[in-house]
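Dear colleague,

I am handing over the structure below, and after it you will find my notes on its internal cavities and its cysteines. Please read them alongside the coordinates.

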Amino acid sequence: MDVEVLEIRQHMARFAPFESLSDDLLDKVAGSVDVAYFKAGSEILHRDDTINDLHYIRSGAIEIYRRGGTLHNRLEEGDIYGHFSLLRNHRVHFPAKAIEDTLIYLIPGTVFEELCAADEQFADFVELDQPRLKTTVERRAGEAGMMTTRVRKLITRLPVVVDASVTVQEAARRISEEYATAVLVLADPDGNPRFNVTDETGEVRQLLGILTDSDFRSRVVAQGLPPDTPVGEVIEGQPFTVQSDETLQEAMLCMLRNNMQHLPVLHRRRLMGVLHISDIIRHQTHTSLYLVERIFTQDDAKGLARLLPDVRESFVRMVEEGANSQMIGSALSTIGRSFTRRLLEIGERELGPPPVPYSLMALGSMARNEQSIVTDQDNALVLDDTFEPDRHDEYFAALAKIVSDGLAACGYTYCTGGIMGTNPQWRQPLRAWKRYFNDWIDNPTPERLLHSSIFFDLDSVAGEGAYVVQLQDLVAEKAPQSPLFLAAMARNASNRTPPLGFFRNFVMEKDGKQNNTINVKRRGTAPMVDLIRVHALASGSTSQNSFDRLNDIAQTDLLPSGVADRIRYALEFISMVRIRHQGIALQRDQLPSNSIEPENISSEERHNLKDAFQLLSDAQKFLQFRYPIPTRRN
């Protein structure tokens, strides 16, 4: 291959969508390239020009403009443009200008069409934004299904192995010296390859079976066998094994079916180790379900606070094992609710039984089952209508303080806006809450809209859940009939806009300004949740989770066909970028946050985040179209 073509090939192979092409297709692309050079400030493509080539930026940078002259995008090394025009009518819709001296590889349109036909992943990348985002999310979901924990992850040492001729006394001594719980017994092959294995020296042996501590007691000591009995004589039955790439679930099922607690582990035929049922149990001690059990065994807030490292380890494990944002959000919300319930139990033990019935109401991400590892506390108390402040409030103020201080000790920081039961305003009887909610919907001032955005994601954590259900029903019945409220919420939901995308190691804003970091929650997931909430309010949905709300919205005509699914893909992708980067921070012993630096975002993430940001921007614009301010109040 020509040296110049080889250099082109090597460069393109580093960037999407060429990085996934087969060698043959990549060779074809590199061999077809023409090279063009543009000085800084020169026009590359004018509006309505005919375009016949896909443009790939080898070096330099360009800007793409919309019809009205506003900045659409800024592209750099490894980016492509012109693909939308090639897929349509070969006419330039968005003009391009070099902002630096720029070298561009021109890939003929015929080759571009061949790539689209031959490589599905390439076609998904260059076609409409939403299908590309959909493909990425669905591909990762498919990968996550295969990324359940493998047996090999729990194997940390080679097995203790003895020959069948070794005495039981020697085998017992080896087990003791190696601090093991079992020994594998090998013999020379007998002609049946079924149980043949390869030991650490590479020699082919036959696996006769396994002898455990329990076997020594029941088969040797209890039977009165002499110490010089060959260990091969006490092996019973055929051996069962598990491959190292099988899942823990498969290994556990094998143990249960065959009433065994030890399982030899093979990589093909090579002996890798022995899996004990206690290894699986230890592994499960950091799952969210086991963690919940531990929460309810703690006697005080200090004991609960000591579980914070376990919460973080459970979070990291879920990220590593490919769980999606809904799984992780639900698990962390369950953990948060469990902390809250246990603190309420501790509080009631200290203060005595409550003087009137109540419900502790979770708000925000916990109510939506969308908590992340970086979160604060938002809660309130809904008290029975027999509540009398002079007689009862001292108790509930003390209870709220126990819960709030305990949650803070467990890593749930105090709400800076005071949205906690410790605030008397948010510690009220049910009738007062109904008055609040009605007033917020009927008179949507900026402060009341802010309260609606917080309190209209609500769920009962403990106590009289029926109180909170009444409030959920009130919102679901009243909001769809309140066009001024919906219009005001729609405009509120459009205040936090996403960035345009990324340029080198900067976040690029729509006005062309560049920032060093991006808060993925503030600029991505939060505004996405806000706009979903508006549509959910309009649809009368009583669901709290954003993905469940999208299911309800999809059953109405509030959004064009397919838009709810595209919003779902965008929310999932942005959420997982945030979650993965928090997991990386914890693995590096750094404090997790909602901010990420562009230099830590992969090429694929950059492209898909840009698609998600564009979808969010379009959805925000549609909000104001869908919920206009009424000409007069009804």
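**Cavities and cysteines**

Domain 3 (324-473) and domain 4 (488-626) both give residues to the lining of the second largest cavity, so this cavity lies between the two domains. Please keep in mind throughout that this is a predicted model.

To stay with that cavity for a moment, its space comes to about 90 Å³, and of the 13 residues that line the second largest cavity, those closest to its centre are Phe456, Val475, Ser541, Gln544 and Arg549. Among the secondary-structure elements, helix 19 (465-478) and helix 21 (520-539) each supply at least two residues of this lining. Sorted by class, the lining of the second largest cavity consists of 6 nonpolar, 5 polar and 2 charged residues.

How many cavities of 30 Å³ or more are there in the model? The count comes to 2, and the largest cavity has a volume of about 110 Å³. It is lined by 14 residues, of which Met366, Asp376, Gln377, Asp378 and Asn379 are the closest to the centre of the largest cavity. Strand 16 (358-363) and helix 15 (364-368) each contribute at least two residues to the lining of the largest cavity, and strand 16 gives the most, with 3 residues. By class, the lining of the largest cavity divides into 7 nonpolar, 5 polar and 2 charged residues.

Turning to the cysteines, which you may wish to check before setting up bonds, the count of disulfides comes to 0. Why is Cys410 without such a bond? The closest cysteine sulfur to that of Cys410 belongs to Cys415 and is 17 Å away, which is too far for a bond, given that a disulfide requires the two sulfur atoms to be within 2.5 Å. Cys415, for its part, is likewise in no disulfide, and the nearest cysteine sulfur to it is that of Cys410, at 17 Å.

Are these two cysteines buried or exposed? Cys410 has a relative accessibility of 3% and therefore counts as buried, and Cys415, at 10% relative accessibility, also counts as buried, the cut-off for buried being under 20%.

With best regards

Key
Residues numbered from 1 in each chain as written. Predicted model: local features only at pLDDT ≥ 70, side-chain atom pairs only at ≥ 80, totals over all residues. Heavy atoms only, no water. 1 Å grid on protein atoms, 1.4 Å probe; cavity = no way out; pocket = protein on both sides within 12 Å on 5 of 7 lines; lining within 4 Å. Points joined across faces, edges and corners; volume = space filled by probe spheres on them. Helix = DSSP H or I, 4+ residues; strand = E, 2+ residues; numbered from the N terminus. Nonpolar A, V, L, I, M, F, W, Y, C, P; charged D, E, K, R; others polar. Domains from an automatic or database assignment. Buried < 20%, exposed > 50% of the residue type's maximum accessible area, 1.4 Å probe, protein only.
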